[in-house]
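Q: Could you walk me through this structure, one feature at a time? I'd like to learn how to read what I'm looking at.

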Amino acid sequence: MTESHPPSTSSEPAEAGGTSGLSVLDPPGFPDPAAPAARPDGRAPGELPNGGEGAGRAAGAPGAPDGAQPAVAAAGVQDRLAGRLSDFTSLHEHTERLARARGLSATLDAVLASVAALLGADRALLVTALPGGGPSQPVGLGLDRACLGALETVPPDQSLLARLLREHDRPAELQSHDLVGDPAIGARLRELAGHLGLGGCYGLPFATEEDGPLAAALWFYDEPGGPTDRQRELARRYTQVAAPLLAKQIEAEKVRRTTEALRRGLLPDRLPRPAGLRLAARLVPAGLDRSCGSDWYDAIPLPDGTVGLTVGSVSGDGPGAGPGSAPGAAAAMGRVRAALRAYAVLEGEDPVSVLGDLELLLKTTEPTRTATAVYAWVEPEGRRITLAGAGHCPPVLVTRYGAEFVETSLSAPLGVLSCWEAPGVEFAAERGDTLVLYTEGLARRFGRTLHAGQANLRRAAADAPRDVRIDPERLCAHLVAVAAEQDAARSGHGPATDDLLLLAARFE
């Protein structure tokens, strides 16, 4: 096994070899296309044997026609120029692919595939560095889940990836022509290489001066062997471009996960279990880089034993608000949901009053935002429901006979008109019925238009198998799955810009 470190800043030369059996490699560079190729006997280009003897007859030497040597030299330069141009063209194509990658997962996949193509490797393994040190879950190319799990069993002291992730004394590259027979490789990795059919191996770190080690990757060959000097140089130059882009993607992923965790923290961590009512909910949030709003759901146990059910959506900072307003909308959603809980406790059996108070609060404290909402007061024992909606999709009541909309009065969203008001709707459910509240994001995944999506949603609930309709958890999962299928079947539909949310309540 060979290990290359970055050029030392010390004036003393690095020692080759050592007790570990590793040697230091001087990384090769791109050859100068204008420099003539070296001769096998060590003579300079154009130099003749025995010093300058015979120089006067070089042009007319036997077997060497006039101008033959310059022609050969020119052909060599052209070949080297063509090879270098091919190398840079290949690098350009792969770095363009990397620049087009969106998200950390797509970036890692692009890195593995591009370097494998540059090296002529068959399989690959990559890990990113965790904040506290150590590797993350591995990402593979040509390695299934079982292979990845097996490679995770390599002890840290034998791990080549851990070596490439060192903060200090990190090698610039690692190479083994035969993992199975390399004495410098740990016993566990040699065993796995034989079991998985791994031959040669080449590894590179991804690091920047500002961020330190970011990731490490190994590329495997099915047979003993390794990359050429030219392939190694191409791979290293690619990593120099990829490392800063990877740093940005890793930072963006950290921000996304932190934001999503905080966003989910604004919603219920569990639903209550009132007597006579089974509740279930599903939330698939759109990415905050694409979303223009933030949805909520809640189930509020009230003092008299009844329950308040609500779903809604808060939109960004005024007319024309774009995706940049999503984080602020998420924070506003948390404030609106908290206020609605308080209003529900005070006057929960009157949904119109609850939404009216919420509208007044929104206009007073969030004047640049709007919200759609539906609030339902539910008496589980008598199976009585009173609800009101503000610019929101009509709920669906799933019964033993099918599914039908609960038609609420048409009304504007909260915060749009000078004064919001709409009548409530009262009805009774039967034992076994399920009330489904949902936001616009779910309906839009069911159809090209909101109206078509609502109709398809109702049809999907009605057509669900009986064992699915009677279980709110399974019904929620079923509707989310059907929405994903119908959305994928429509070509040209971009990433979701609305949260996908629904809340189901079944009367026992």
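Q: Let's start with a pocket. How many residues in the lining of the second largest pocket are nonpolar, polar and charged?
A: Keep in mind that this is a predicted model. The lining has 10 nonpolar residues, six polar ones and five charged ones.

Q: What is the volume of that second largest pocket?
A: About 660 Å³. Of the 21 residues lining the second largest pocket, those closest to its centre are Pro6, Arg170, Ala172, Pro205 and Ala207. Two elements, β5 and α6 (229-265), each give two or more residues to the lining. The one that gives the most is β5, with five residues.

Q: And which cavities does a search of the whole structure find?
A: Here's the general idea: rolling a probe the size of a water molecule over the atoms shows where empty space is left. In this structure, the search turns up one cavity of 30 Å³ or more. The largest cavity has a volume of about 40 Å³. Its lining is made by Arg263, Arg264, Leu267, Leu283, Pro285, Asp295 and Asp499. By class, that gives three nonpolar residues, four charged ones and no polar ones.

Q: Back to β5, then. Which strand does β5 join, and by how many bridges?
A: The general idea first: strands of a sheet pair through backbone hydrogen bonds, either parallel or antiparallel. Here, strand β5 (residues 201-208) runs antiparallel to β6, and eight bridges join the two. For one spot to look at, find alanine 207, which stands opposite proline 213 in β6. The two strands form a hairpin, with three residues between β5 and β6.

Q: Which other strand is joined to β6?
A: Strand β2 (residues 123-128) is joined to β6 by six bridges, and they run antiparallel. Threonine 128 in that pairing stands opposite alanine 215 in β6.

Q: Why is strand β6 said to be largely enclosed?
A: A residue counts as buried when its relative accessible area is under 20%. In strand β6 (residues 212-220), nine of the nine residues are buried, so the strand is largely enclosed by the rest of the structure. For the chain as a whole, 46% of the 508 residues count as buried.

Q: Can we zoom in on one residue? Is leucine 204 buried or exposed?
A: Buried: leucine 204 has a relative accessible area of 1%, and that's under the 20% cut-off. You'll find leucine 204 in strand β5. Setting aside residues up to four places away in sequence, leucine 204 touches Leu164, Ala172, Glu173, Ala216, Ala217, Trp219, Ala235, Arg236 and Thr239. Also have a look at serine 4: it sits 200 residues from leucine 204 along the chain, yet their C-alpha atoms are separated by 9.9 Å.

Q: What about contacts between distant positions across the chain?
A: Take the contacts in the chain with a separation of 6 or more: residues 24 or more positions apart account for 68% of them.

Q: How many helices and strands are there in the chain?
A: There are 12 helices and 16 strands. Some of those strands make an open sheet of five, in the order β8-β9-β10-β11-β14, with antiparallel pairing. At its edges are β8 (293-301) and β14 (425-428), each pairing on one side only. From one strand to the next, the twist averages 15 degrees. Within this sheet, strand β11 (residues 384-390) is joined to β14 by four bridges, and arginine 384 stands opposite alanine 428 in β14.

Q: What is the strand order of the open sheet that contains β7?
A: The order is β7-β16-β15-β12-β13, again five strands with antiparallel pairing. Here the edge strands are β7 (277-284) and β13 (402-405), and the twist averages 20 degrees from one strand to the next. Three bridges pair β12 (residues 396-399) with β15 (residues 434-438); valine 398 has threonine 434 in β15 as its bridge partner.

Q: Which helix lies across β12, β13 and β15?
A: That's α10, which runs at about 150 degrees to β13. One residue to find in helix α10 (residues 450-463) is glutamine 454. Glutamine 454 counts as buried, at 14% relative accessibility. Leaving out neighbours within four places in sequence, glutamine 454 is in contact with Cys393, Pro394, Phe405, Tyr438 and Ala443.

Notes:
Residues numbered from 1 in each chain as written. Predicted model: local features only at pLDDT ≥ 70, side-chain atom pairs only at ≥ 80, totals over all residues. Heavy atoms only, no water. Pairing = 2+ DSSP bridges. Axes fitted to C-alpha atoms, helices over the stretch in contact; angles between N-to-C directions. Buried < 20%, exposed > 50% of the residue type's maximum accessible area, 1.4 Å probe, protein only. 1 Å grid on protein atoms, 1.4 Å probe; cavity = no way out; pocket = protein on both sides within 12 Å on 5 of 7 lines; lining within 4 Å. Points joined across faces, edges and corners; volume = space filled by probe spheres on them. Nonpolar A, V, L, I, M, F, W, Y, C, P; charged D, E, K, R; others polar. Contact = heavy atoms within 4.5 Å.
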